[in-house]
Amino acid sequence: MEKENDLVQKIKDSSLKDNIPILRDNTAQTIINIIKDKRYHTYLEIGTAYGYSAALVRKESGIKEVVSIEKNESNFLKAKRFLDNEDVILVNMDAFLYTPSKTYDFILIDGPKSHQELLVSKYLAFLNKDGTMFIDNIFLKKFNEKQNLTKNQKNLVDRVNAFRKWLEQNKDFDCKIYDIDDGYAIITKKK
């Protein structure tokens, strides 16, 4: 247990040092609570970065299977070094090209912020009937607080705002949006 705590902290420290975004504490605790409360067994995440969320969820939630997809090869290799002896499956591939071979109880989308509608639509097919899809950073508050955004930053904020509106108006699933930390959405399939 002590070794695992050290590993999660080591990944967190390294991520923060290198300006690699990680789950905020309240958001991470919400994910862990959902997994524990629903007694989920399988977890898929889009966006590994250095492996912080995968390691934390694996340690804290009791989940049995963790699969994490990372497109960036440098981040993937760093995560692989951190999680080498852990029971986490890492996939170095673009999430838009990857096709899971099974369905999952919990899917975390914490990867690319552009074209998120496509990711949700694609991965909803791989969510178990009573599963939960969790989308992090749906407000991008760090950009909303700044006055002088670059054209690319403005474009990203516009895309995320349009995505949030799409989530709210979508009739294919149930979605709740929470303004906690940087905002997140929780999607469940309609009964």
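In this predicted model, Leu83 counts as buried because its relative accessibility is 2%, below the 20% cut-off. Leu83 sits in the loop that links α4 and β3. What does Leu83 touch, once neighbours within four places in sequence are set aside? The list runs to Leu7, Ile11, Gly51, Ala54, Ala55, Val88 and Leu90. One of these partners, Leu7, is 76 residues away along the chain, yet the C-alpha atoms of Leu83 and Leu7 are 8.5 Å apart.

Leu83 also belongs to the largest nonpolar core, a set of 33 residues. Along with Leu83, the residues with the most contacts inside this core are Ile11, Ile31, Ile35, Tyr43, Phe106 and Phe134. Both helices and strands chip in: at least two core residues come from each of α1 (2–17), α2 (25–38), α3 (52–61), α4 (73–82), β3 (88–92), β4 (104–109) and β7 (184–189). A second core, made up of 25 residues, lies apart from this one and includes Ile46, Ala95, Leu119 and Leu167.

Back in the largest core, Ile35 has its own set of partners. Leaving out neighbours within four places in sequence, Ile35 is in contact with Tyr40, Tyr43, Val57, Ser61, Ile63 and Phe106.

Then there is the pocket side of things. The largest pocket holds about 760 Å³ of space, and 34 residues line it. Nearest its centre are Pro21, Asp110, Gly111, Pro112 and Lys113. α3, β2 (65–70) and α6 (141–144) each give at least two residues to this lining. By class, the lining of the largest pocket splits into 16 nonpolar, nine polar and nine charged residues.

Conventions:
Residues numbered from 1 in each chain as written. Predicted model: local features only at pLDDT ≥ 70, side-chain atom pairs only at ≥ 80, totals over all residues. Heavy atoms only, no water. Core = buried A, V, L, I, M, F, W, Y, C linked by side-chain atoms within 4.5 Å. Buried < 20%, exposed > 50% of the residue type's maximum accessible area, 1.4 Å probe, protein only. Helix = DSSP H or I, 4+ residues; strand = E, 2+ residues; numbered from the N terminus. Contact = heavy atoms within 4.5 Å. 1 Å grid on protein atoms, 1.4 Å probe; cavity = no way out; pocket = protein on both sides within 12 Å on 5 of 7 lines; lining within 4 Å. Points joined across faces, edges and corners; volume = space filled by probe spheres on them. Nonpolar A, V, L, I, M, F, W, Y, C, P; charged D, E, K, R; others polar.
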